[in-house]
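I opened this notebook page to record what I looked up in the structure, entry by entry. The interface comes before the single residues.

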Amino acid sequence: MSTNKEYLQIEREKEWRAQLRKKIANKDRTAKTRTQMPELDPFVRIRYQDREVNTGLSAQQAVAEASRCLDCVNPTCIEGCPVSINIPKFIKYIEQGEFLEAAKTLKETSALPAVCGRVCPQEKQCEATCFYTQKLKKDPVAIGHLERFAADYERESGSMSVPEVAAPNGIKVAAIGSGPASLSFAGDMIKLGYDVTVFEALHEIGGVLKYGIPEFRLPNKIVDVELDNLEQMGVKFVRNFIVGKTASFDDLKEEGFQAFFVASGAGLPRFMNIPGENYNGILSSNEYLTRVNLMNAASDEFDTPIIKGKSVAVIGGGNTAMDSVRTAKRLGAERAMIVYRRSRHEMPARVEEVHHAEEEGIEFLNLTNPVEYFADQKGKVNRMRVQRMELGEPDASGRRSPVVIEGSEYDIPVDLVVVAVGVSPNPLIPSEVKDLKVTRWGTIVVNEETMQCSIPELFAGGDIVRGGATVILAMGDGRKAAANMDEYLKSK
Amino acid sequence: MNQIVEKVLFSEKVAKFVVDAPRIARSRKPGHFVILRVDEKGERIPLTIADADSVKGTITLVVQKMGVSSAKLFELNAGDQILDLVGPLGKATHIHKPGTILACGGGVGVAPMLPIVEAFKKAGNRVISIIAARNKDLIILEDDIRKWSDEVIVMTDDGSYGTKGLVTAGAEMVIQRETVNECIAIGPAVMMKFTSLLTKKYNIPTQASLNAIMVDGTGMCGACRVSVGGRTMFTCIDGPEFDAHQIDFDELIMRLGGYSDEEKMASERYV
């Protein structure tokens, strides 16, 4: 479990790792080029909502890519990983051809390797701190692709390993919400022997992994396999249960729960509050993606309806905006546009997703902002007015803020608008717990070292603490909260 | 879980379901609602809790057959299970003692009105209830409403039962006759709109319980957004009750029709 330097050193000095390092000279390793991830052809993939774009590395490709890794004395890549995966160890297992061992290594610290390998922004995390990036100025080792390969290989092999768990200690703890933060927390707590229950408000477990991220990026069946793994370790999942509403914290304390991890996310969509925004055909990205991903609205066999636009504008530049616009394209949009008020350079979406969107024929209207919507007689949106922007002076945070170009307004015909300008913390838990300290943005205040809230038996993490952030940061919080809740309960 | 304990047909198109849901039965308050999903392919639909028995662990839902989901629910009988049921959701009604309450319920809106009428009566108010429907067959829960009201006025559009006329005619009669301190309106959006316009004329504070389109019911998507006093609110977490005089009813009515084409297609497929 420990990720300290000594432990990493001991692992690195094991005979098989030393042998492997000797097999290929470092200059030969660094001379190799990064293996490209195979992808479905854009013309094919835009016809299917549920076909994964990245098709995964072959075993041969994975071994080749793994052999680029230098197995550094000081593996800086690990510092870039919020859940501190022992990256060189799993990669060396791949190079060795021991793929199942690689998968086991991932599961020592990560509850969802097949998910993280797909959706983490590795270019900002592990791969940004890879020796190749930092010192050689070359393409980093494809850590994310290798992680995905190992997890996929294990799943397809049919021999999933279940991580060892400590003997049950009989102490009941609860996680609220079943997104990545909670799942990571649950995975660690169950390993420590706790009796863990995860409460979820929706009818499916997984949070944003199920309702948000589309099938073409993260198939639900892959999430389900990882959930199954947690269940086999002993984690209990309760669906259709809203802590604070279905039962209060006090009720649950009476039922024996001794501590809670609040990870209810930032599910509250923001709107821009501009004229016409409540017309029909204008929806939040959360609504749009939930209808398609959780409710299967794109299929006629399912009862939830969806508006299939021909000319679709998605407002925003993050991953949610990319997911929405690419979904619209797959549902038959002839014109699918990103409308973003800053330039391409400031887009918070993953580089890979922007690239994929571009390949799929998504139009980018950068430095453009909506100011008003118009509708037909039935109240259905049919036109949007936008204005052009230019980048002004950098603000306090160093970002150049967009400034309106006066007189630059023009109209675009649209029949569906998806608003993806961000989310706010879900107010359900903060409003149900008196005396819980929250910021003026509605996020829960925690001790950043321990993730403990102003109420000692409550810990919190993920988007309810950070506002809208990433899957892997949420998972990191879950791990940290688990370690500290364990300390807290032991010292009680 | 979520087993239907009892089903009572009020008419061909309206039925009462008593459902086993002990947690919800214990936690719910007047004004709360639930979201349910009938089966694997089903959509999530909101229904207000009409009654609950915390001892037996049941809640009561009243459903009108309108489209695919309500028709699917209608096919279920005592002993069957509802796949997913979550709640209680929304903010509870603010129960207090202003004096005389005029409760106006239209159609199946009478069902969610019942626990509110009961609570206001128990809080010591004089309660006058108007229950209105298109015709006699669609008048529901009359006896239950009577139990918690000082007076009940029944109105039907066609005069087949009670007094002929709209709910607003009954309401205006009461308002002109005596002092009304507060009004509640629950029913079709058009009915709530006109009730609200009437009470505004007489300056009577009025609460309306809105029936917006919902998906998750937990504040996650904004499908149920409504303009109240010029601000966008989410019916599922900020409501479902709002100050009726502040609600943009025309926008609400427009938004309720947002999926009418898709709903029609789905109904045709279902039949």
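How many salt bridges does the rule find across the interface of chain A and chain B? I counted 3 salt bridges there, and I note at the outset that this is a predicted model.

**Entry 1: the interface**

I looked up one salt bridge by name, in which the side chains of B:K72 and A:D303 meet at 2.7 Å, N to O. I then turned to polar contacts across the interface of chain A and chain B, where the rule finds 20 residue pairs, both residues of each at pLDDT 80 or more. On the side of chain A that touches chain B, I find that β5 (268–269), β6 (282–284) and α16 (285–294) of chain A each supply at least two residues, and that α16(A) gives the most, with 4 residues. I sorted the residues of that side of chain A by character and obtained 19 nonpolar, 13 polar and 9 charged.

For the extent of the contact, I noted 41 residues from chain A and 41 residues from chain B. The two chains bury about 3,600 Å² between them, with 52% of it on carbon and sulfur atoms. In chain A, the residues that lose the most area to chain B are A:K245, A:N278 and A:D303, which together make up 20% of what that side buries; A:D303 is also the partner of B:K72 in the salt bridge noted above.

**Entry 2: aromatic pairs**

I next asked how many aromatic pairs the rule counts over all chains, and the count comes to 11. I looked at A:W16 and A:Y93, which form a stacked pair with 4.3 Å from centre to centre and 20° between the planes. Because A:W16 lies in helix α2 (residues 15–23) of chain A and A:Y93 in helix α7 (residues 87–96) of chain A, this pair ties together parts that are 77 residues apart in sequence. A:Y93 is buried, since its relative accessible area is 12%, and the cut-off for buried is under 20%.

The pair of A:F99 and A:Y153 is edge-to-face, because the ring planes stand at 70°, with the centres 4.9 Å apart. I traced A:F99 to helix α8 (residues 99–109) of chain A and A:Y153 to helix α11 (residues 143–157) of chain A, so that the pair links distant parts of the chain, 54 residues apart. I also compared how far each partner is covered: A:F99 is buried at a relative accessible area of 10%, whereas A:Y153 is partly exposed at 35%. I recorded one cluster as well, in which ring pairs link A:F199, A:F241, A:F249, A:F257 and A:F260.

**Entry 3: three buried residues**

Is A:R45 buried or exposed? I find A:R45 buried, with a relative accessible area of 0%, in helix α4 (residues 42–45) of chain A. Its side chain is joined to that of A:E359 by a polar contact of 2.7 Å. Not counting residues up to four places away in sequence, A:R45 touches A:E39, A:L40, A:V53, A:R330, A:H356, A:E359 and A:E360.

A:A62, in helix α5 (residues 59–66) of chain A, also counts as buried, at 0% relative accessibility. Leaving aside neighbours within four places in sequence, I find A:A62 in contact with A:L57, A:I94, A:L146 and A:F149.

In chain B, I looked up B:M191, which is found in helix α6 (residues 189–201) of chain B and is buried, with a relative accessible area of 12%. Beyond four places in sequence, B:M191 touches B:C104, B:G105, B:G106, B:V167, B:A185 and B:I186.

**Entry 4: backbone points**

I checked the backbone with a general expectation in mind: most residues other than glycine have a negative phi, and most peptide bonds are trans. The peptide bond from B:G87 to B:P88 is cis, with omega near -5°, and B:P88 lies in strand β6 (residues 84–89) of chain B. A cis peptide bond also joins B:G239 and B:P240, with omega about 10°; I place B:P240 in the loop between α7 (235–238) and β15 (241–243) of chain B.

A:K137 has a positive phi of about 55° although it is not a glycine; this residue lies in the loop between α10 (131–136) and α11 of chain A and counts as exposed, at 68% relative accessibility. B:N2, likewise not a glycine, has a positive phi of about 55°, but B:N2 counts as buried, at 6% relative accessibility, in the segment before β1 (4–9) of chain B.

Terms used. Residues numbered from 1 in each chain as written. Chains lettered and ligands numbered in written order. Heavy atoms only, no water. Contact = heavy atoms within 4.5 Å. Buried area = accessible area lost by both parts, 1.4 Å probe. Salt bridge = Lys/Arg side-chain N within 4 Å of Asp/Glu carboxyl O. Polar contact = N/O pair within 3.5 Å; in protein donor to acceptor, adjacent residues only side chain to side chain. Nonpolar A, V, L, I, M, F, W, Y, C, P; charged D, E, K, R; others polar. Phe/Tyr/Trp six-rings, centres within 6.5 Å; stacked < 30°, edge-to-face > 60°. Buried < 20%, exposed > 50% of the residue type's maximum accessible area, 1.4 Å probe, protein only.
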